[in-house]
Amino acid sequence: AFRPNVEEIITEAFERCNIDPQTQTGDRAVSARRSLNLLFSEWANRGINYWAVEEQTLALVSGTASYTLPVGTIDIISAVIRDSGSGTNSDQIVNRVSISDYNQLPNKSSQGKPSQYMLDKQFTPVAYFWQVPDSSNYSMVYWAIRQLEDVTASNQDADIPYRWNECICAGLAS
């Protein structure tokens with residue numbers, strides 16, 4: 001049942017730095033919460049927050065090549081194209097290509113069953129498909145790493161599993 005909230009994590013980090021938590025000011029608490037959010041951002045960039053993986057489904061539309069993904073999508077780990085046109089769902093691997101490989105495709109408007117996608121990791125990520133779907137029977141079913149929830153208050157729980165408590169305290173203390 002041990003699950004420290006943000007305030008307890010901050011207190012632990014202060015104690016590890018030999019700072020008396022009783023001297024904590026409002027400014028220090030705000031700074032510590034900001035540092036936690038930066039730590040979460042660093043973990044996302046390293047791709048180590050696998051507890052934040054969720055299965056998603058993106059309905060594809062005939063003739064549409066690009067799709068905006070949900071805000072907070074950091075990366076796609078695995079994806080398939082699901083064809084529901086035959087009455088049964090059949091899945092086929094869809095390969096991720098680099099921006100360079102996608103850019104070199106000679107005819108980006110060629111239509112058919114998508115076999116490749118490129119992920120443009122902007123603030124709001126966009127997936128570009130090749131071939132452009134020729135039917136609305138396709139959807140991409142994928143496993144995405146999502147952004148961790150922001151720390152906005154000291155009395156909230158951090159968006160981390162139990163086994164990461166030590167890591168978050170050590171990271172904040174450093």
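Let's start at a turn: in the hairpin of E3 and E4, six residues sit between the strands, and Gly87 among them takes a positive phi near 90°. Keep in mind that this is a predicted model.

E3 covers residues 73-83 and runs antiparallel to E4, with four bridges joining the two. On another side of the pairing story, nine bridges link E3 to strand E10 (residues 138-146), again antiparallel. Here are some of the residues that face each other across these strands:

| Residue | Stands opposite | Partner strand |
|---|---|---|
| Asp83 | Ser90 | E4 |
| Val80 | Ile93 | E4 |
| Val80 | Val141 | E10 |

Zooming out, these strands belong to an open, four-stranded antiparallel sheet with the order E1-E10-E3-E4. The edges are held by E1 (53-59) and E4 (90-93); each has a single partner strand, so one side of each is left without a neighbour in the sheet. Neighbouring strands are turned by 35° against each other on average, ignoring direction.

Now for the packing. Nonpolar side chains tend to be buried together in soluble globular proteins. The largest nonpolar core here has 20 residues, and the ones touching the most other members are Leu36, Phe40, Trp43, Ile160 and Ile168. Helices H1 (6-16), H2 (26-46) and H4 (165-173) each supply at least two residues of this core. Take Ile168: leaving aside residues up to four places away in sequence, Ile168 touches Ile9, Leu36, Leu39, Phe40, Trp43, Ala158 and Ile160. Apart from that core lies another, made of 16 residues, including Leu58, Leu69, Ala127 and Tyr138.

Terms used
Residues numbered from 1 in each chain as written. Predicted model: local features only at pLDDT ≥ 70, side-chain atom pairs only at ≥ 80, totals over all residues. Heavy atoms only, no water. Pairing = 2+ DSSP bridges. Axes fitted to C-alpha atoms, helices over the stretch in contact; angles between N-to-C directions. Core = buried A, V, L, I, M, F, W, Y, C linked by side-chain atoms within 4.5 Å. Buried < 20%, exposed > 50% of the residue type's maximum accessible area, 1.4 Å probe, protein only. Contact = heavy atoms within 4.5 Å.
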